[in-house]
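Hi everyone, thanks for making time this morning. I'd like to walk you through a structure that may be new to you, so settle in and have a look at it with me.

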Amino acid sequence: MNTLHHIACTWNPVLPDSRCAAIRRQAERHLGLRLKGLKHISVYAMRAGLDAGQLARFAREGLSDAVAQQVGIDRLPEGCGGFASFILVEKRPGTTDDEGLSAQRTLHDLLGVPFSPAPQEVFSSDLYLLEDALDGPVLSRLAVELLCNPLVHQYSCGPMASLALPVPEEEPEGEPLVETVPLEVSDDELDALSKQRLLSLDRVEMKAIQAYFRDPERRARRRGDGLPAEPTDCELEILAQTWSEHCKHKEFNALIHYVDKDSGREETIDSLFKTYIRASTAEIARRLEEAGNNWLVKVFSDNAGVVRVDRDRLFVFKVETHNSPSALDPFGGAITGILGNNRDPLGTGRGGATLLFNTDVLCFGPPSYAEPLLPGQLHPRRVFAGVRQGIEEGGNKSGIPTINGAIVFDPRYAGKPLVYCGTGAIMPDNYNGLPSWEKEIAPGDLVVMAGGRVGKDGIHGATFSSLGLDKHSPRSAVQIGSPITQKMLSDFLVVACKRGLVKCATDNGAGGLSSSIGELAPMAGGAEIWLERVPLKYPGLQPWEIFLSESQERMTLVVAKESAPKLAELAGLYEVEATVIGQFTGSGLLEVSHGGRPVARLDLDFLHDGLPRKHLEAEWRRPVLPEPEIPETLDHASVLKRLLASDDICSREEVIRQYDHEVKGRTVVKPLMGPRGIAPQDAGVMRLSFDDWRGIAVSCGIAPRYGDLDAYAMSAGAFDEAVRQIVSAGGQLPEPGRLDESTFWCANDNFCVPDSVYDAEKNPDGKYKLAQLVRMCQALADMARAYHVPMTSGKDSMKNDFRAAGKKISVPPTVLYSVAAALPDVRRTVTSEIKEAGDGVYLLGRTYDELGASEFQRLFGAAGGPVPAVRPEQARPLYFKMMAANREGLVRSSHDLSDGGLAVALAETTLGTGLGLRVEIDPVASSIEGGGALDSPRRLRAALYGESHSRFVATVKPKHCARFEKILGGDAVRIGETTAEPRFQIAWQGRPLVDCPCGELEQAWRKELLT
Amino acid sequence: MKPVRALVLTGFGINCQDELAAAYRLAGAEADIVHFNEWLAGTVSLRGYDVLNFPGGFSFGDDLGAGKALANKMRFCRLRSGRTLLDEIAGHLEAGGFLLGICNGFQILVKSGLLPNIGGTFEQEVSLIVNDSGRFEDRWCHCRAERPARTPFLEDIDVIALPVRHKEGKLVIRDAGIRQAIREQGLCALRYCDAGGEIATEYPALPNGAEMSCAALTDPSGRVLGMMPHPEAFLSIYNHPDWARRREAAGGNEEGEGLRLFRNIVDHIRRNRP
């Protein structure tokens, strides 16, 4: 037994400790606690056989900073006297501890032995010393609210005298057990079994499994194979995971009876996915092919969609959500969300795409949320802060720029946040002549698990995300990502694929090996897995846990036998563990064993096609909401400032700055641009290489507010938003029929809805919610067809409800469209901020009396009225004119109109430019159909703040105005010009409505939501 | 004439290798991206390379402090010859080679004692610690070069706009002696300044709170440069947040200011070839 040692490092007291300073600020602000003095110490606990010299060198040279830190060996460093209390935060056993493992790596480097992550010998923890003598409950509160999350950490606290430095727990070895689960029980007992084992299977599904295992022939065969007649724990878990909503999209594939109560029409929808999503994309694909545009390469059938950039390159794009884990542990949920989503493009086709960018869209409860928190519910501000940090570390540490995103606030996201993580990647067209996007597997090929090791983390992630959250939600579902493990894995995979050593790759995400191998096995015809070979983080895992574990940063690779030695050698060089754990067969079975003992044997047909279909009910009736009472006369300068300061519109700089948006050195339009780098942009733009100017624009459309009035309008509006953002930045929409136009467009749809399955007791408005989903899908199909923008991938998340203490917080039905488009020349892109005084200012697109569910109405506390509608028959021609003007380089700045309408868009274009605007609103107000007398306040409000879709504000150099007006015709109206004086002026009927320095608007808009 | 050759290290979380290699290529040199372990295994050696480069990134996820774990590797791990990687670099510098570390690369050079190395013994004399803001930040800033330039990388550069993207960039100096040596020998190669060139003393123009507003250090030989800002992230004018206006002002010149550092060093090496 090696001796236990502690090495403690702390900042030299003359240096500022910004971490402690931040904790003190938060303690004062959020807990009302003024802390006198606070010191942070990194403590490394280790069991290692070191002599005194090695220990001292490890501590002084290896772990501490000789210039900035002080170190203590088996005691606290100098200068730690004078503190009264402590809080010690450790990771729970089995939780990712990168800091500990990096220390272990340094130790192995010091000792000159090859690094191994297991067994873990060095464990990191954080010790906080406080000058104040605080009592237990106060220290606990500090610990739980500011310093740790009890789901992933454990802490101790108290007076200094009671401080005990951490002692790493020894992991117990256990005998591998395979349990038989009796299914010959009553129906009620089946329900209970599903619930107790967290299977998330309903009675019909449980009975289908029961019937499978009843088959006498099967029973006889199982007996011969040494398996019990009834399922093993592993088999039942595999089925539950494979049949989970998360993996099988049961509701998107259900048969839906849809009734429109307004029109009396009824119809049966045979799968939302097939009817709306796949069908519209198939039609677009057909039209494109007929026109000779063959850029649509692979849709829906792999981990991410694939489109063609040019002869040599493909673009791979995927957006996912990670909502439930982010509700429980915001940091861990978000970092595993982004890293997990990164593995989708990496695991597309043969694998090895190079990750290009991330895009993240987040929905939270408002930071000022004041409702009492339910048991297990975290305050939205905390969720926001944790998720933000997870995305920062997941993206930055992987070297992937975050070039686009959005943040939306609504109290209904206070139970479950929505965390959308998207990633674009570039893959070579082929590897040694073999198409990169195709997966190829033959019996006899080896199954290789590469990357991180397997622990108990994340067990039941797939089934758990298909459940609503409550306070009994499993803790093992929470995990922390390790960006460095994944970065090393992806560096390795890119090279391995390039060298032709990998036949195909897929991600180990929800469901772990069970899911990745279960998906690949049918392509070969079967698979057998030898679980005893799987590298474990620590001993003591049961066979089913090894197979189902969702430990992160792992990929499953398919490798031809003859390539295995070379792959192993390359893995060694990159210090990535790559282990052969099984092989593909032609048996038609998924066979799993542990040390020669059978653990599972399932027919692939049953596994993938045995799932009974769901039948669901949907009922639509258009909701009627009251319109707000708005005073006749308004101080528009103050209304505008209030809008600019609103949660949904105010500056995101605080968040954006903490994401690296320009690593790789090729981001052309970043989230913030202009002379001072603060003007928000419509789409992110990235150049593909240093050798040419081709690029990709990426945007996101999300508009949940409108769903309160009409889910169709909401979904259509979100789609249009994503499209118009790219058009605004200079993108060119597909034009089938024009052979020279072959620049791709592709979209990901991500639906996040509350439980939409009707239940008289638990979900009485389930039919209406499902009808909302139906309408969202209808809009998707209509918009995709109208703009020729195909879906290439997507995801749905169906149970976004938080339940506790007899209450339920459900998200509003939300859909995100993430759109990416090829740009032939990034130098022709257009940014949103105004460029020079004297330019003409134009409004493009038509304005309607559409203030329903607008940000403006939100100021007055109601949402009713006409919801903005998308009119593609008007929008499409406008976009083509805009594109024509851009081809001639006439547009100097362009910004799309969304939250807050024209007034807000205009204000945003001035941010950080040092310039101003002088605008007359009359031409806009008078163009609105209906709206009453020309001088009616309603007309004016619709003009200023209405959120009618498919509109832009653009500026044009004086010498180009005539040509611009000729191209745009009646679709553009000149409303004013840019001014050298940084003043913001809007006039109406000859009177100034808003007249203030732009600096005042900037001041209102600048807000730090997180501090 | 023999081409100038740059070796760009990668692996273990380094992530700016591609743009750094592109910078050398655009400046007319050849650049090879090499995994750290290829160097350690002896399959690649520094011989034949003019400039060794430590790019930015998050080596080992910034665990133990940014750059620390990789600096440890350089001090502890031995090649088959028994020499450490640090010994190899010392040999490379003695033979007239150059060394550049950017961001995480700078952190590695500082923590392995290569910068500023006033004592010449590769002892750590300064450190780069967490920014005063406590945050990682991506923001564009201005830097003013020490005149006259102590290092060929910065010849003829006065004020340059570059992005910083780091959490641990606050330079702290071990003691008064080192501080004085840095000042007297002009080793603080770049200092954060405002757009007009005035040395910045306040956030955000001084993004991290570094002593002496220092953004880059060179060693007394001028052959080693470490810097927090990213010149390889400004190879084209389209990297700049205000490129639309800058392009007009530049009369169509599409080159980024960061490229000048690489042209400088490549030209310098070429000029001084025996």
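Let me start with one bit of vocabulary: when I say that two strands pair, I mean that DSSP finds at least two bridges between them. With that in hand, here is a first example: strand E18, residues 504-507 of chain A, pairs with strand E20, residues 554-559 of chain A, in the antiparallel sense, over 4 bridges. One of the matches is A:Thr506, whose bridge partner in E20(A) is A:Thr556. Along E18(A), A:Cys504 and A:Thr506 point one way, while A:Ala505 and A:Asp507 point the other way, and all of them are buried.

Please keep in mind that this is a predicted model.

Now let's step back and look at chain A as a whole. Chain A has 30 helices and 41 strands. Its C-alpha atoms fill a box of roughly 90 × 75 × 60 Å along the principal axes. How does its radius of gyration fit the expectation for a compact globule? For 1011 residues such a globule would have a radius of gyration near 30 Å, and chain A, with 29 Å, agrees with that. Buried residues make up 58% of the chain. If you take the contacts in chain A with a separation of 6 or more, 81% of them are between residues 24 or more positions apart.

The domain assignment splits chain A into domain 1 (4-162), domain 2 (191-270 + 440-611) and domain 3 (832-1011). The centres of domain 2 and domain 3 of chain A, taken over C-alpha atoms, are separated by 51 Å.

Next, a sheet in chain A. This one is an open sheet of 7 strands with mixed pairing, and the order is E36-E38-E35-E39-E37-E40-E41. At the edges sit strand E36 (893-896) and strand E41 (991-997) of chain A, each pairing on one side only. On average, neighbouring strands of this sheet are turned by 20 degrees against each other, ignoring direction. Inside it, strand E35 (residues 840-844) and strand E38 (residues 952-956) of chain A run antiparallel and are joined by 5 bridges. If you want a spot to zoom in on, A:Gly840 stands opposite A:Val956 in E38(A). There is a helix here too: helix H30 (residues 998-1005) of chain A lies across strands E37, E40 and E41 of chain A, at about 70 degrees to E41(A).

Let me pick out a single residue, A:Val576. Where does A:Val576 lie? You'll find it in the loop between helix H18 (564-573) and strand E21 (578-584) of chain A. Is A:Val576 buried or exposed? A:Val576 has 21 C-beta neighbours inside 10 Å, and a residue needs 20 or more to count as buried, so A:Val576 is buried. Leaving aside residues up to four places away in sequence, A:Val576 touches A:Ala450, A:Gly451, A:Met488, A:Leu489, A:Phe492 and A:Ala571.

On to chain B, which has 8 helices and 11 strands. Its radius of gyration is 17 Å, close to the 19 Å that the globule rule gives for 274 residues, so chain B is as compact as a globular protein of that length. The C-alpha trace of chain B spans about 55 × 45 × 35 Å along its principal axes, and 61% of its residues count as buried.

A few backbone details are worth a look. A cis peptide bond joins B:Arg147 and B:Pro148, with omega about -10 degrees, and B:Pro148 is in the loop between E6 and E7 of chain B. Chain A has a cis bond as well, from A:Ala118 to A:Pro119, with omega near -5 degrees. Back in chain B, B:Phe60 is not a glycine, yet has a positive phi of about 45 degrees. B:Asp62 also has a positive phi, near 65 degrees. B:Phe60 lies in the loop between strand E3 (51-54) and H3 of chain B, and B:Asp62 is found in the loop between E3 and H3 too.

Finally, how do the chains meet? The contact takes 56 residues from chain B and 55 residues from chain A. On the side of chain B that touches chain A, the largest share, 6 residues, comes from H3(B). By class, that side of chain B has 22 nonpolar, 15 polar and 19 charged residues.

Thanks for listening, and I'm happy to take questions.

Terms used: Residues are numbered from 1 along each chain as its sequence is written. Chains are lettered from A and ligands numbered from 1 in the order in which they are written. This is a predicted model: local features need pLDDT of at least 70, side-chain atom pairs count only at pLDDT 80 or more; totals for chains, interfaces and linings use all residues. Two residues are in contact if their C-beta atoms, placed from the backbone, lie within 7 Å. Helices (H or I, at least four residues) and strands (E, at least two) are DSSP runs, numbered from the N terminus. Ala, Val, Leu, Ile, Met, Phe, Trp, Tyr, Cys and Pro count as nonpolar, Asp, Glu, Lys and Arg as charged, and the others, Gly among them, as polar. Domain bounds come from an automatic or database domain assignment. The radius of gyration is taken over C-alpha atoms; the globule rule is 2.2 Å times the number of residues to the power 0.38. A residue is buried if 20 or more other C-beta atoms lie within 10 Å of its own, exposed if 12 or fewer, and partly exposed in between; C-beta atoms are placed from the backbone. Axes are lines fitted to C-alpha atoms, for helices over the stretch in contact, and angles run from 0 to 180 degrees between N-to-C directions.
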